[in-house]
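User: I am new to this structure and would like a close look at its salt bridges, followed by whatever helps me place them. Please keep it plain.

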Amino acid sequence: MRKQEAIYATHSNVVTIRGDDAFDANGNQVSYDEATVQSYIDSHSYIAKRQAEYPPFTDYLDGIAKGDQAQIDKYIADCQAVKAKYPKP
């Protein structure tokens, strides 16, 4: 997760970010809490890790198209293993 995404998510009055500076709708600089931003990043880091390791969804769709329940079950099991490896905090 990028720092900018975390700033937007944790500070609703921020509408623009340039470098490390955040601004409201009127162009006024907004000070944001670095610890809050970092905490948000840390608590959402599992998302990117999961995305990188999930099997391609085409494996699941291929199983459905072929009527191959074993392939479908393997896809689900692989997804569950990734979720277990990177649990939500």
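Analyst: A residue is called buried when its relative accessible area is under 20%, exposed when that area is over 50%, and partly exposed in between. The model is predicted, and the description below applies to that model.

Asp 62 has a relative accessible area of 33%, so it is partly exposed. Its partner is Lys 66: the two form a salt bridge in which the closest N and O atoms are 3.0 Å apart. Lys 66 has a relative accessible area of 52%, which makes it exposed. Both residues belong to helix 4, and because they are four residues apart there, about one helical turn separates them.

This pair is one of six salt bridges found in a search of the whole structure. Another joins Glu 5 to Arg 2, with 3.6 Å between the closest N and O atoms. Glu 5 is partly exposed, at a relative accessible area of 38%.

A further salt bridge runs between Lys 3 and Asp 20, whose closest N and O atoms are 3.5 Å apart. This one links distant parts of the chain: Lys 3 sits in helix 1, while Asp 20 sits in the loop between strand 1 (16-18) and strand 2 (21-23), 17 residues away. Lys 3 is partly exposed, with 29% relative accessibility, and Asp 20 is exposed, with a relative accessible area of 54%. Salt bridges also tie Lys 3 and Asp 20 into a network with Glu 34.

Helix 1 leads from the charged residues to the interior. In soluble globular proteins, nonpolar side chains tend to be buried together. Here the largest nonpolar core is made of nine residues: Ala 6, Ile 7, Val 14, Ile 17, Ala 22, Val 30, Tyr 32, Val 37 and Ile 41. Helix 1 (3-10) and helix 2 (34-43) are the elements that each supply two or more of them. One core member, Ile 17, touches Gln 4, Ile 7, Tyr 8 and Ala 22, when residues up to four places away in sequence are not counted.

His 11 lies in the loop between helix 1 and strand 1. With a relative accessibility of 13%, His 11 is buried. Apart from neighbours within four places in sequence, its contacts are Tyr 32, Asp 33 and Val 37. A polar atom of the His 11 side chain is 3.3 Å from the backbone nitrogen of Asp 33.

Helix 4, which holds the pair of Lys 66 and Asp 62, also has a part in the setting of helix 5. Helix 4 (57-66) and helix 3 (45-53) are among the elements that cover the buried residues of helix 5. Those buried residues are Gln 71, Ile 72, Tyr 75, Cys 79 and Val 82. Viewed down the helix axis, they fall within an arc of 105°, so they line one face of helix 5. The exposed residues on the other side are Ala 70, Lys 74, Ala 84 and Lys 85.

Helix 5 itself covers residues 69-85, 17 in number, and spans 24 Å from its first C-alpha to its last, close to the 24 Å expected at 1.5 Å a residue. Its N-terminal end is capped by Asp 68, which places a side-chain oxygen 3.1 Å from the backbone nitrogen of Ala 70.

Technical notes
Residues are numbered from 1 along each chain as its sequence is written. This is a predicted model: local features need pLDDT of at least 70, side-chain atom pairs count only at pLDDT 80 or more; totals for chains, interfaces and linings use all residues. Side-chain values use heavy atoms; hydrogens and water are left out. A nonpolar core is a set of buried Ala, Val, Leu, Ile, Met, Phe, Trp, Tyr and Cys residues joined through side-chain atoms within 4.5 Å. Buried means under 20% relative accessible area, exposed over 50%, partly exposed in between (1.4 Å probe, protein chains only). Contact means heavy atoms within 4.5 Å. The expected span of a helix is 1.5 Å times one less than its number of residues. The arc is that of the directions from the helix axis to the C-beta atoms. A polar contact is a pair of N or O atoms within 3.5 Å; within protein, one must be able to donate a hydrogen and the other to accept it, and residues adjacent in sequence count only if both atoms are side-chain atoms. A salt bridge is a side-chain nitrogen of Lys or Arg within 4 Å of a carboxyl oxygen of Asp or Glu.
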